[in-house]
Every structure is written in structure tokens, then in C-alpha cells.
Amino acid sequence: MKRNTFYLLIGLTGIILVAVLWASIQLSMPSLIQVAFLVAVVILYALRRTVAKDIEDERSNVITQHAAVATLFVFWIIFFLVSIGSVVWEFSRPLGIIIPRPPGPGPEVVVVVGGPHFGALGLAQLGLLGLMIILYGGFRIYYARKFGDWEADEE
Amino acid sequence: MKNRIKVLRAMREITQEDLATALGVTRQTIIAIEKGKYDPSLPLAFRISRFFKLPVEKIFFDEDAEPPAP
């Protein structure tokens, strides 16, 4: 399979997954999109093995390694900032913990209705994942330029 | 690190594409090495050395050092 055909299939799979996501939300069935995503990834990995590969030499490996390390280096800081902010947000509200106290008049016990909002957590994670991909792409371009990609040559 | 690959190629009338194919790398890598943007690994340096039938130190040299005599 040609490389461009494979990219077209990735795009097509993405569109199908968006449709499945929509159906999954409509049916309130998270397992639908989860299974569909897993199947799509397995199929794409299997198809990738049939793609005619360009030469992947040591320079492209060095670019990939540098970009991955730089992405990890920046991403863990951003991930920590978001996480520590979320922890502060979580502990800034009543936790619903009832502390045993002796009978008689005392402060009113606060009962929190409802549990954690996992949907918001998922959105934040998707945002962070998107940021990770953008960071990796940016660093890849930076290191590709640094190690001589797009160099004009007289030949 | 500097090198004499471009000169050696010209002397033998070898294109970057031919050299890249012989060494199993991309033409972009040859361009990057010739321009000093990328220092090859030791295995690749030795492959280049074998290709040109010259010692490594006759092809690659330190930036502060004088180029080796051909």
C-alpha cells in the first residue's frame, strides 16, 4: 500500500470514529466508542505493516528521539501544573467526609451530593493529549531543521 | 565536525543519491553531513570510510584542526 493511501485511510477512520462518538453519546454507551477506537487502532497498525516504507535512517531516528525527549520534558511540567491545579480545586470544596463527633448540638454536617465529574476529567485529558501531539510535532520540526532537513543543495 | 565527503564525491563523480543508496541512508542525510548539520554515528562513519577506501581521520576532522592532506 502507498503511504498516501494509508494517510487517506487514517482520515477516513477519524471521520468514522467521530460518527461513532456521536452515536455513543446519543446512546449513553461509552463502551461503543471505546471498542470502536480499539478496533480502529488495531486495524491501522495492521495496515501500517503493509505500507511501502521510506528509508528510515539514523538521522531520522535521532530526530525522533530528540523530539520525544523534549516533548516529555515539557509535557510533564504542564501535566503537573494541570494536576496540581485540579487537586487544589478538589480540596477547596467540601469533601463529604463526615467526622464522628459527640452527640449534641454542633456544627452542621456538610453532605456533598454527587460524585466526581469524570466527564470533565476526560475532556482535560483529551486536551492534554492534543497538546502533547502539538508539542511533539513542533519539536520534530525544530529538530528536523536543526539536523539538516529542508537544506537547499546545488545538486 | 567537518568532513571532506563533498570533495571525495566530486573526485569520484558520485552523486549524493548514489552515495546515500550505497550507505543505506537518505539523500537528505548525506546533504546534512556534508553541510555539517549532522554528525554521523561511528558505524556510519566507518561505512563511509570503507566506501571511499580511506581512513576515517582522512574524511572527518575537528573544526579547529586543519583539514587532512588528501
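A salt bridge is a side-chain nitrogen of Lys or Arg within 4 Å of a carboxyl oxygen of Asp or Glu. Keep that in mind as we look around this structure, which is a predicted model.

**Salt bridges**

Side chains of opposite charge can pair when their charged atoms come close. Search the whole structure and you'll find two salt bridges over all chains. One of the pairs to look at is R59(A) with D149(A), whose side chains meet at 2.9 Å, N to O. R59(A) sits in helix α3 of chain A while D149(A) is in the segment after α4 of chain A, so this pair ties together parts that are 90 residues apart in sequence.

**Where the chains meet**

How many salt bridges run between chain A and chain B? The count there is zero. What you do get between the two chains is six residue pairs in polar contact, with both residues at pLDDT 80 or more. On the chain A side, the elements giving two or more residues to the contact are α3 (58-91) and α4 (118-146). Of these, α3(A) gives the most, with three residues. As for the kinds of residue on that side of chain A, they split into five nonpolar, one polar and 10 charged.

The size of an interface is often given as the accessible area lost when the parts come together. Here chain A and chain B bury about 1,400 Å² between them, and 43% of that is on carbon and sulfur atoms. Chain A brings 16 residues to the contact and chain B brings 19 residues.

**The largest pocket**

Rolling a probe the size of a water molecule over the atoms shows where empty space is left. The largest pocket holds about 750 Å³ of space. Its lining has 14 residues, and the ones nearest the centre are I33(A), F37(A), G122(A), L126(A) and L129(A). Which helices of chain A each supply at least two residues of this lining? They are α1 (3-26), α2 (30-48) and α4. Helix α4(A) gives the most, with seven residues.

Here's how the residue kinds compare for the two places we've visited:

| Place | Nonpolar | Polar | Charged |
|---|---|---|---|
| Side of chain A that touches chain B | five residues | one residue | 10 residues |
| Lining of the largest pocket | nine residues | five residues | no residues |

So helix α4 of chain A turns up twice: among the elements that touch chain B, and in the lining of the largest pocket.

How values were computed: Residues numbered from 1 in each chain as written. Chains lettered and ligands numbered in written order. Predicted model: local features only at pLDDT ≥ 70, side-chain atom pairs only at ≥ 80, totals over all residues. Heavy atoms only, no water. Contact = heavy atoms within 4.5 Å. Buried area = accessible area lost by both parts, 1.4 Å probe. Polar contact = N/O pair within 3.5 Å; in protein donor to acceptor, adjacent residues only side chain to side chain. Helix = DSSP H or I, 4+ residues; strand = E, 2+ residues; numbered from the N terminus. Nonpolar A, V, L, I, M, F, W, Y, C, P; charged D, E, K, R; others polar. 1 Å grid on protein atoms, 1.4 Å probe; cavity = no way out; pocket = protein on both sides within 12 Å on 5 of 7 lines; lining within 4 Å. Points joined across faces, edges and corners; volume = space filled by probe spheres on them.
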